[in-house]
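Work through the exercises below with the sequence and the structure at hand. Each task is followed by a solution in steps.

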Amino acid sequence: MNVVLFGPPGAGKGTQAERLAAKFAFLHLSSGDVLRAERKSGTELGARVAGYMDSGALVPDEIIVEVILARVLKADSKAGVLLDGFPRTLPQARQLDEALVGAGSRLDLVLSIVVPDELIVERITGRRMCPSTGKIYHVKYLPPKQAGICDETGEELIQRKDDTEEVVKQRLAAYHEQTEPLEVYYRQQGLLVEVDGTRDIGAVAQDMGAIVERHLGRENS
Ligand code: AMP
């Protein structure tokens with residue numbers, strides 16, 4: 001079963017993806033994490049995408065499509081792939097469909113986490129991340145046991161460069177202009193299921209888990 005997590009920056013896609021992937025053994029593929037890892041390793045690709053990311057703009061389709069589809073097609077997971085942050089434009093979505101169909105597979109479900117813009121800035125500016133694993137925390141909503149320290153690695157948490165108020169506004173603008181139209185695309189295909197993302201993390205996770213289970217039940221019946 002292949003699933004796309006859809007929603008604005010700060011909706012909780014990464015946090016929910018970690019939980020869903022652990023529960024259902026999906027391969028979690030976060031396009032943002034892939035790009036950040038490239039930058040950290042100092043690759044040519046990392047250098048090419050840095051400017052876009054730091055300004056809150058989307059990376060050009062041809063770059064991200066190549067990088068992510070290669071990973072999707074290589075994915076060695078019986079349970080399926082959980083895409084987080086990809087696709088973000090209509091051309092990306094169409095190319096994902098083509099690639100999956102070409103591989104004898106398909107997209108089964110798009111989980112849309114709905115959060116209004118007013119809540120996004122507080123969520124994003126309070127977000128912290130483990131520098132080596134990418135595990136996500138929030139100073140208020142998902143604090144680590146010891147302030148500023150990753151529960152799992154003991155490393156000092158960092159704030160993403162693009163998690164400042166100024167860049168968040170750009171990221172939200174990019175979302176509304178380029179990504180939101182995908183909602184219609186997936187709704188027309190009957191794949192989109194909406195989840196109210198304004199509630200606490202556990203409640204959202206429970207809803208999402210139940211939706212995935214329902215779909216799995218349908219697949220197996
Ligand atoms: P994220 O961690 O998902 O918020 O992604 C961080 C940044 O990486 C975005 O603001 C974009 O610059 C870039 N990025 C990640 N995924 C995509 C995508 N599917 N298309 C274009 N740019 C992307």
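**Exercise 1.** Classify Arg199 by its relative accessible area, as buried, partly exposed or exposed, and do likewise for its salt-bridge partner Asp207.

Solution. The model is a predicted one.
- Step 1: The relative accessible area of Arg199 is 29%.
- Step 2: Buried requires a value under 20% and exposed a value over 50%, so Arg199 is partly exposed.
- Step 3: Asp207 has 32% and is therefore also partly exposed.
- Step 4: The two side chains form a salt bridge, with N to O at 3.0 Å.

**Exercise 2.** Determine how exposed Arg171 and Asp162 are, and find the network of salt bridges to which they belong.

Solution.
- Step 1: The N to O distance between the side chains of Arg171 and Asp162 is 3.8 Å. The cut-off for a salt bridge is 4 Å, so the pair counts as one.
- Step 2: Arg171 has a relative accessibility of 9%, and Asp162 has 10%. Buried means under 20%, so Arg171 is buried and Asp162 is buried.
- Step 3: Both residues take part in a network of salt bridges that also includes Arg127, Arg160 and Asp163.

**Exercise 3.** Locate the two ends of the salt bridge between Lys23 and Glu213, and state how exposed each end is.

Solution.
- Step 1: The closest N and O atoms of Lys23 and Glu213 are 3.9 Å apart.
- Step 2: Lys23 belongs to helix H1 (residues 13-24) and Glu213 to helix H9 (residues 201-220). The pair links distant parts of the chain, 190 residues apart.
- Step 3: Lys23, at 52% relative accessibility, counts as exposed, whereas Glu213, at 44%, is partly exposed.
- Step 4: For the structure as a whole, the count of salt bridges is 19.

**Exercise 4.** Describe the surroundings of the ligand: which residues come nearest, and which of their atoms lie opposite ligand oxygen or nitrogen?

Solution.
- Step 1: The shell has 16 residues, of which Ser31, Arg36, Ala57, Gly85 and Arg88 come nearest.
- Step 2: A backbone N or O atom of Ala57 is 2.6 Å from a ligand oxygen. A backbone N or O atom of Gly85 is 2.9 Å from a ligand nitrogen. For Arg88, a polar side-chain atom lies 2.9 Å from a nitrogen atom of the ligand.
- Step 3: The ligand taken alone exposes 480 Å², and the protein buries 96% of that area.
- Step 4: By class, the shell divides into 7 nonpolar, 4 polar and 5 charged residues. Helix H2 (residues 31-40) supplies the largest share, 4 residues.

Key
Residues numbered from 1 in each chain as written. Predicted model: local features only at pLDDT ≥ 70, side-chain atom pairs only at ≥ 80, totals over all residues. Heavy atoms only, no water. Near = heavy atom within 4 Å. Polar contact = N/O pair within 3.5 Å; in protein donor to acceptor, adjacent residues only side chain to side chain. Areas by Shrake-Rupley, 256 points an atom, 1.4 Å probe, with all protein chains shown as cover. Helix = DSSP H or I, 4+ residues; strand = E, 2+ residues; numbered from the N terminus. Nonpolar A, V, L, I, M, F, W, Y, C, P; charged D, E, K, R; others polar. Buried < 20%, exposed > 50% of the residue type's maximum accessible area, 1.4 Å probe, protein only.
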